[in-house]
Amino acid sequence: LAGIAIARSRGARYRLGPELEICGYGCSDHYYESDTLLHSFQVLEKLLESPATQDIICDVGMPVLHRNVRYNCRVIFLNKKILLIRPKIALANAGNYRELRWFTPWSKARHVEEYFLPRIIQEVTGQETVPFGDAVLATKDTCLGAEMCEELWTPNSPHIDMGLDGVEIFTNSSGSHHVLRKAHTRVDLVNSATAKNGGIYIFANQKGCDGDRLYYDGCAMISMNGETVAQGSQFSLDDVEVLVATLDLEDVRSYRAEISSRNLAASKANPYPRVKVNFALSCPDDVAVPTCMPIQWRYHSPEEEISLGPACWLWDYLRRSKQAGFLLPLSGGIDSSATACIVYSMCHQVCLAVKNGNADVLADARRIVHDETYIPEDPREFCKRVFTTCYMASENSSQDTCNRAKLLAEQIGSYHINLNIDVAVKAVVGIFSMVTGRTPRFSVYGGSSRESLALQNVQARIRMVLAYLFAQLTLWARGMPGGLLVLGSANVDESLRGYLTKYDCSSADINPIGGISKTDLKNFIQYCIENFQLTALRSIMSAPPTAELEPLVDGQVAQTDEADMGMTYAELSIYGKLRKIAKAGPYSMFCKLINMWKEVCTPREVASKVKHFFRMYSVNRHKMTTLTPSYHAENYSPDDNRFDLRPFLYNTTWSWQFRCIDKQVNAL
């Protein structure tokens, strides 16, 4: 309603909102509930009655039950009259999307039926039935056609046939989530929609955290004849953003006039049913009104995307969970430091939004810090109020990582705690020794690998227990109200390999970097050094990643992540992309890598690496069932809960697949 009011005040005659905006895109199995349908119509009733929706065509999204079949729909109305209910034709059903679980696609092309309105809507509109189906709107001066999100991404998008049938304005209501480096694909699709066929394309998208792992990243845009004329923000803390453009319909007509191949196809086009609308988008005396000119789209770098996307997601999560801030176990390594930098970036975004007059953000910030007069102006000062970091040392921790964590905490302004877990570790191991009469030892002291791994896991799990204890009671001990959300910091590559202890500090409330690769995190750290002047990150960048769970040798760290894993982080990223994005099993991955790595590895070495990865992946796959909800940023995420659906009990010998690899190796 706020968006409609802003659009109307700025002279707009047609307003498009995002997909399923009335109920929110992420209702998931709540779509099965009749309550969701009822409440959506109740909201529609309020919109129809509002003075803000008069004299502007409003296009809103909601689920609609037609003849006992549930559809994902656009409801288009003007002056308390519903003009058309347009159901979605192509449903998104890959990756994070499950639309076929809740909705049925409309399969009757260019077909319209009567929809009988609920009584609460009939009383407002005076209509008993309205058109329902695949139709377009014919106003006094132009023709408009709708397509929805996935329909833009399909090979035979509706805008193609609609454009050939004379539709001049295409609208797309979307529920498209953020993935690193995805924005250019979306922009290219929108611009190409009108480059060959001419026309105006309006794209509206959700923005923010909709209650799960996804961040919907806006990027609203308006395009004409293949060029962008208006660009919305990809990341911001504003709940409502309205993009308005004034364009000349004659530019569309003249553009189309000289494309003879298009006109030849148009002369044979099958017509769409047209809903006549006694309304014009233009005015008779608009000759002197300036029109919008093409602009160059400004893309964020991947490092900026990491800085902004997860930060906005964290803010949404914090304000909606009604907690008082975050607690992060800060180890002094790249992953936890990157997480800390994202929280610091969030504090920057909050201060910037307040400076720009965002009253909602100011109200949320005051509620979070429990101070009705507070104004967040300095990111470091705000960080001190909402962010607690904790370095949990053991006898296996080095002084270097302790100093790095402390210095970074000082530079971002977090409330920092130093503690030692040795007493708790000895107590837990002592219980085991008392019961069994056996005392486990690390490998360097003559113990077996089983003993060493168990002792490492005890340290890791005690850190998780302490993290939650301090998250619940740190503010209480400081005489402040509220509790803290625990942040995890396992990256996407470690999750894929299973290089983490089940129920250790990777177990948290949420994880802002769980969908980001180690390679991208390193680049992000460099970005933070340059843009936030966090010089403490230099030594963190140069240090080899380590878990610091095994004993030190001469006071120095002897354990490194890549040695433990038996593979590099760069290799892990490649395995992840081939496994998920390229849909490669062990044999296909081997076949691809013998060519990709032919300059550095023999086929036998490639086979050994592929086998080791799949062995480790399958042995540790069970850990993905308890993975902390992570910000989704990478299409090779191994998240078992929503995105990457695979078994978690494998035959880890992969006997048939590995025999195929061995046969090929011998042949080569």
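**Entry 1: V275**

I opened the notebook at V275, which lies in strand β15, residues 274–276. A reminder to myself before going on: this is a predicted model. I asked next whether V275 is buried or exposed. Its relative accessible area is 14%, and under 20% counts as buried, so V275 is buried. Leaving out residues up to four places away in sequence, I found V275 touching L83, L84, P131, A135, V136, L137 and A138. I also took one long C-alpha to C-alpha distance from here: V275 and F442 are 77 Å apart in space, with their positions 167 residues apart in sequence.

**Entry 2: the domains**

I then looked up how the chain is divided. The domain assignment gives domain 1 (1–276), domain 2 (300–419 + 481–545) and domain 3 (562–667). Where domain 1 meets domain 2, the contact takes 18 residues from domain 1 and 19 residues from domain 2. Taken over C-alpha atoms, the centres of domain 1 and domain 2 are separated by 37 Å.

I checked the UniProt record too. Its unreviewed entry places the feature "domain: CN hydrolase" at residues 1–249. In the model, the span 1–249 is 24% helix and 31% strand, and its end C-alpha atoms lie 28 Å apart.

**Entry 3: two positive phi values**

I went looking at backbone angles. Most residues other than glycine have a negative phi, and I noted two residues that do not. R67 has a phi near 55 degrees, a positive value in a residue other than glycine. R67 sits in the loop between β2 (57–66) and β3 (69–78). N225 is not a glycine either, yet its phi is positive at about 50 degrees. I found N225 in the loop between β13 (221–224) and β14 (227–231).

Which of these loop residues is buried, and which is exposed? R67 is exposed, with a relative accessible area of 58%. N225 is buried, with a relative accessible area of 12%.

**Entry 4: the nonpolar core**

Nonpolar side chains tend to be buried together in soluble globular proteins, and I wanted to see where that happens here. The largest nonpolar core has 63 residues, and those with the most contacts inside it are W315, F326, M346, F382 and F387. Helix α11 (residues 334–355) gives the most to this core, with 13 residues. Why does the core lie between domain 1 and domain 2? Domain 1 (1–276) and domain 2 (300–419 + 481–545) both give residues to it, so it lies between them.

I followed F382 outward. Setting aside neighbours within four places in sequence, F382 is in contact with W315, C347, V350, C351, A365, V369, Y374 and P376. W315 is thus one of its partners and is also among the residues with the most contacts inside the core.

Back in helix α11, I picked out S345. S345 counts as buried, at 1% relative accessibility. Its contacts, leaving aside neighbours within four places in sequence, are S307, A311 and F532.

**Entry 5: L475**

My next stop was helix α16 (residues 449–477), where L475 lies. L475 counts as buried, at 2% relative accessibility. What does L475 contact, leaving aside its neighbours within four places in sequence? I listed A324, M480, P481, G482, G483 and L484. For another long distance I paired L475 with Q231: they are 244 residues apart in sequence and 42 Å apart in space, C-alpha to C-alpha.

**Entry 6: F648**

I turned to F648, placed in the loop between α23 (603–620) and α24 (655–667). At 48% relative accessibility, F648 counts as partly exposed, because exposed means over 50%. Away from its neighbours within four places in sequence, F648 is in contact with R621, H622 and T625. The C-alpha atoms of F648 and S398 are separated by 36 Å, and the two residues are 250 residues apart along the chain.

**Entry 7: cavities**

Last, I looked for enclosed space. How many cavities of 30 Å³ or more does a search of the whole structure find? The search finds 5. The largest cavity holds about 100 Å³ of space. I noted 15 residues lining it, and R213, S630, H632, S637 and D639 lie nearest its centre. By the domain assignment, R213 falls within domain 1 (1–276), while S630, H632, S637 and D639 fall within domain 3 (562–667).

Key. Residues are numbered from 1 along each chain as its sequence is written. This is a predicted model: local features need pLDDT of at least 70, side-chain atom pairs count only at pLDDT 80 or more; totals for chains, interfaces and linings use all residues. Side-chain values use heavy atoms; hydrogens and water are left out. A nonpolar core is a set of buried Ala, Val, Leu, Ile, Met, Phe, Trp, Tyr and Cys residues joined through side-chain atoms within 4.5 Å. Buried means under 20% relative accessible area, exposed over 50%, partly exposed in between (1.4 Å probe, protein chains only). Helices (H or I, at least four residues) and strands (E, at least two) are DSSP runs, numbered from the N terminus. Domain bounds come from an automatic or database domain assignment. Contact means heavy atoms within 4.5 Å. UniProt positions are given in the numbering used here, feature names are shortened, and annotations may be inferred rather than shown by experiment. On a 1 Å grid over the protein atoms alone, a cavity is a set of points where a 1.4 Å probe fits but cannot get out, and a pocket is an open set with protein on both sides within 12 Å along at least five of seven lines; lining residues have an atom within 4 Å of a point. Grid points are joined across faces, edges and corners, and a volume is the space filled by probe spheres set on the points.
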